[in-house]
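Reader: Could you take me through the reading of a fold, beginning with the sheet and ending with the core?

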Amino acid sequence: MNQPKIQQQGGIYHLTWDEGIEAQVAKVREHRDGRITAELSVTTSLPGYKPYLLGRSLFNLLAIRSRVDMAKNLKERCPEIEWEEALEQLCHIVLEDFHRGEPVTEIWTTDDIKPPEYLLYP
């Protein structure tokens with residue numbers, strides 16, 4: 001299975017594989033107990049399916065059991081795809097980006113800062 005094309009905007013990840021499947025991962029959230037969950041939607045444009053929603057679920061990105069269950073569910077609906085590999089790629093890509101976080105933005109001013117003015121000096 002090829003690596004997916006990735007678009008990320010506003011916390012929503014769109015992953016598209018050449019094999020004719022697409023996944024959207026949204027609302028990635030880390031919980032106090034260490035789980036990292038997201039809303040996952042998977043569609044296909046393979047011949048004979050039309051643009052078709054194969055599955056939508058709250059998905060634990062760190063749990064192997066979630067991947068196995070989702071792959072089994074997707075395999076029943078669309079057996080042409082290696083779902084285990086696709087979901088493994090998806091989890092790796094989203095988790096790497098999630099842990100990387102936002103880039104640091106340095107804010108500097110070149111203006112002179114005036115001392116505070118008081119109505120009544122302390």
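The turns below go from the sheet to the hairpin, the helix packing and the core.

Reader: How are the strands of the sheet ordered, and in which sense do they pair, parallel or antiparallel?

Author: Strands of a sheet pair through backbone hydrogen bonds, and the pairing may be parallel or antiparallel. In this model, which is predicted, five strands form an open sheet in the order E1-E2-E3-E4-E5, with antiparallel pairing. Strand E1 (5–9) and strand E5 (52–60) each have a single partner strand, so one side of each is left without a neighbour in the sheet. On average, and with direction ignored, neighbouring strands are turned by 15 degrees against each other.

Reader: Which strands form a hairpin with five residues between them, and what marks the turn?

Author: That hairpin is made by E3 and E4, and Gly-34 in its turn has a positive phi of about 100 degrees. The two strands run antiparallel and are joined by eight bridges, with Gln-24 standing opposite Ser-41 in E4. On its pairing with E5, strand E4 (residues 36–44) is again antiparallel over eight bridges, and there Leu-40 stands opposite Ser-57 in E5.

Reader: Where does helix H1 pack, and how is its direction set against that of E5?

Author: Helix H1 (residues 64–77) packs on the sheet and touches E4 and E5, its direction making about 170 degrees with that of E5.

Reader: Is E4 mostly covered or mostly open?

Author: In a regular strand the side chains alternate between the two faces of the sheet. For E4, seven of its nine residues are buried, and the strand is mostly covered.

Reader: Which residues have the most contacts inside the largest nonpolar core, and which elements give two or more residues to this core?

Author: The largest nonpolar core has 29 residues, and those with the most contacts inside it are Val-25, Val-28, Leu-40, Leu-61, Trp-83 and Leu-90. Two or more residues come from each of strand E2 (12–17), strand E3 (21–30), E4, E5, H1 and helix H2 (83–100), and H2 gives the most, with eight residues. Leaving aside neighbours within four places in sequence, Trp-83 is in contact with Ile-21, Val-42, Leu-54, Ala-71, Leu-74, Lys-75 and Cys-78.

Notes. Residues numbered from 1 in each chain as written. Predicted model: local features only at pLDDT ≥ 70, side-chain atom pairs only at ≥ 80, totals over all residues. Heavy atoms only, no water. Pairing = 2+ DSSP bridges. Helix = DSSP H or I, 4+ residues; strand = E, 2+ residues; numbered from the N terminus. Axes fitted to C-alpha atoms, helices over the stretch in contact; angles between N-to-C directions. Contact = heavy atoms within 4.5 Å. Core = buried A, V, L, I, M, F, W, Y, C linked by side-chain atoms within 4.5 Å. Buried < 20%, exposed > 50% of the residue type's maximum accessible area, 1.4 Å probe, protein only.
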